Every structure is written in C-alpha cells, then in structure tokens.
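User: Please take a close look at the pockets of this protein, and tell me what lines them and how they sit beside the nonpolar cores.

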Amino acid sequence: MIRNFAATNHSFFNSFLIRSIKNTKHTIMAIKASEVKKLREMTGAGMMDCKKALTESNGDFDGAVDILRKQGQKISAKRADRDTAEGAVFIEIFNNDSEGVIIGLGCETDFVARNEEFQKLGNEIAQLAANKKPATAEALLALEIDGQALEAKITDFIGKMGEKISIVGYSHLSADKLAAYIHSNGKVGVLVAMDNAADADYDAIGKDLGMQIAAMNPVALNEDGVDPKVTEREMAIGVERAREEGKPENILDRIAQGYVKKYLQENTLMNQAFVKDSKVTVAQYVKNEGKGMEIKAFERVSVGE
C-alpha cells in the first residue's frame, strides 16, 4: 500500500515538473522584432503594445489581435465619459443628387480629427451609409464593414488612437435634389433637400442655405416644424419677462405671444433674414432665385458644439 502510494506520488511529481517546465518555456518565449512589426502592420497598434500582446499570447497572432482588441474595448469603456469636443463632418450625395447622408464623427483632440486615418474612417462610414441607407445611427453601427460590425471597427480604432471616438450625428435625406455645405473648420455640415429644383441652380442655392443654417442654427424649417414644447416654453418665458417688466396681468399673454412670434421669426429658416442680404427673408430669397423650388427639409450636424 505504501509502495503504491509513493509510486503514484512520484509519477504525479514528474508530470507536474514536466508541465512546469513547458509553461516556463512559454513564459520566457522570445518575441522576434519581425513578429512585432508584422502585428503592428496588421493592427496599427503601437510597437510596445504589439510586443506585450504577442508575449501574452505566447506568439499566437490571432490571440494577440484579440488581446489588442480587448485593450481597445477597455480604452473605449474608460474614455466613455470624455467629451468629443473635436471631430469632423462627412457628407455623401448620390443617386443623381437626390439622396444624401451626413455624419458627425467625434473625437477628443484636433490632432486626431486632422489625422489622415481618422479622415479615411469618416469617409468610409459615409460611403457605407450611402450604400446601405440605415435609418438610425444605431443601425449604421450594426452594419458590416471590412468583415466586422462598424461598432467593432470603431472600437479597434479607439485602441489605436487612444481616445474616445463616436458617431455624434447621422441623417439620411431624399428629395428632388440635395446640396451640401461644410464649414471651413470641418466641424459643421448641412444637407439641404429641395423639391421642384430641376429648373434652378439648386447647388448654389443649397450652398447659400447651408451657410445660413450652419451660421444661424434654426430649430426648424418653418413654424409648423417647431416642437409644441418649444413654443410653450417660449410662451412661459415671455409671460415671466412681461411680468418682471411690470406689465398688467390681463395682457401678459398677448405680450408673450409677441415674444413667441419674434422667436419664430429668428429661429425658423424660412422666416430668418437671409445672411447674404438682410433686406429679404430666406423665403423671399428662395422665391426670387428658385424658379418654383421648395425647400423640403434640412439636416445640420456639428461636433464639439
């Protein structure tokens, strides 16, 4: 009994020793510079990150890629509360200028926003949206690009850039004709949708209106498009303002209606004074230049505002 017990333990010890030696070999496995370079070229991650990932995966490239992706996910989670105060807007107009998509891609720094790879990613996302026409930003993130979901691709890119990157605005518009405007800083973009536009210089008019929308940031196309809650809020502000001015209680509502009317004039596109000629409203400008054109809708996307 004792002899058998000792033999069993001796066999167990030998087995344990062999496994330990094997594990030690893996732990101290040397990673070649050429392998680190190869992984860097595959992933775009930093040299030290690639070396650590290869060491941790015992030289397995697929395992190292997974480790780097997980690092990206950790960075994404850790930076989720950061502000994307920088970024760029990307626009694609297609289908004979009758459809368009506009996307805001946010990041933390201007350095990343101007990065060639960031710009490339933004253009790829805009092209993906133009091809698939998703209804929402969430649907866009679920689309596949380069063999993976866009959301996963962005997560990988976060790991590479080391800062938060996210889609901060997305919309798809369709109409008779569309035109686009992107402000010189690249951080504000506008899509303008126009019907009955065949006989007009819709591109020039659309860019003029895009400049107007970028600068004045209207809340809606006209009064009908204003959220009733916004009108109610402005009415309440008007009543309180008139009361503070000492106006009689029985005329507060009438005075407040005047405030609301002024608010709608200044904050709805068609009622605003045209920025290039303040003597006319936007509606009058379109009537004069549009040859029967109607402004159907607009979308304004910005980053860092």
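Analyst: What follows goes through the two pockets in turn and then the cores.

The model is a predicted one, and its protein has 12 helices and 10 strands. Of its 305 residues, 40% are buried, and among contacts with a separation of 6 or more, 61% join residues 24 or more positions apart. The accessible surface of the protein comes to about 17700 Å², of which carbon and sulfur atoms hold 50%.

The largest pocket holds about 670 Å³ of space, and 24 residues line it, with Thr43, Gly44, Asp156, Phe157 and Lys160 lying nearest its centre. Four helices each supply at least two residues of this lining, namely helix 2 (33-43), helix 4 (61-78), helix 6 (116-132) and helix 8 (150-161). Sorted by class, the lining of the largest pocket comprises nine charged, eight nonpolar and seven polar residues.

The second largest pocket encloses about 180 Å³ of space. Its lining is made up of Ser76, Ala80, Leu141, Glu151, Ile154, Thr155, Ile158, Lys164, Ile165, Ser166 and Ile167. Helix 8 gives the most to this lining, with four residues, while strand 5 (166-174) also supplies at least two. Here the classes are six nonpolar, three polar and two charged residues. Helix 8 thus supplies at least two residues to the lining of the largest pocket and four to that of the second largest pocket.

The largest nonpolar core has 26 residues, and within it Ile125, Leu140 and Ile167 touch the most other members. The elements that give two or more residues to this core are strand 1 (86-94), strand 2 (99-107), helix 5 (110-113), helix 6, helix 8 and strand 5, and helix 6 gives the most, with seven. Ile167 belongs to this core and also lines the second largest pocket. Helix 6 and helix 8, both named above for the lining of the largest pocket, are likewise among the elements that give two or more residues to the core.

Leu140 shows how parts of the chain come together at this core: leaving aside neighbours within four places in sequence, Leu140 is in contact with Ile103, Ile125, Leu128, Ala129, Pro134, Leu150, Ile167 and Tyr170. Apart from the largest nonpolar core lies another core, of 24 residues, which includes Tyr202, Leu269, Tyr285 and Met293.

Notes. Residues are numbered from 1 along each chain as its sequence is written. This is a predicted model: local features need pLDDT of at least 70, side-chain atom pairs count only at pLDDT 80 or more; totals for chains, interfaces and linings use all residues. Side-chain values use heavy atoms; hydrogens and water are left out. On a 1 Å grid over the protein atoms alone, a cavity is a set of points where a 1.4 Å probe fits but cannot get out, and a pocket is an open set with protein on both sides within 12 Å along at least five of seven lines; lining residues have an atom within 4 Å of a point. Grid points are joined across faces, edges and corners, and a volume is the space filled by probe spheres set on the points. Ala, Val, Leu, Ile, Met, Phe, Trp, Tyr, Cys and Pro count as nonpolar, Asp, Glu, Lys and Arg as charged, and the others, Gly among them, as polar. Buried means under 20% relative accessible area, exposed over 50%, partly exposed in between (1.4 Å probe, protein chains only). Contact means heavy atoms within 4.5 Å. Accessible areas come from the Shrake-Rupley method with a 1.4 Å probe; for residues, only the protein chains shown count as cover. A nonpolar core is a set of buried Ala, Val, Leu, Ile, Met, Phe, Trp, Tyr and Cys residues joined through side-chain atoms within 4.5 Å.
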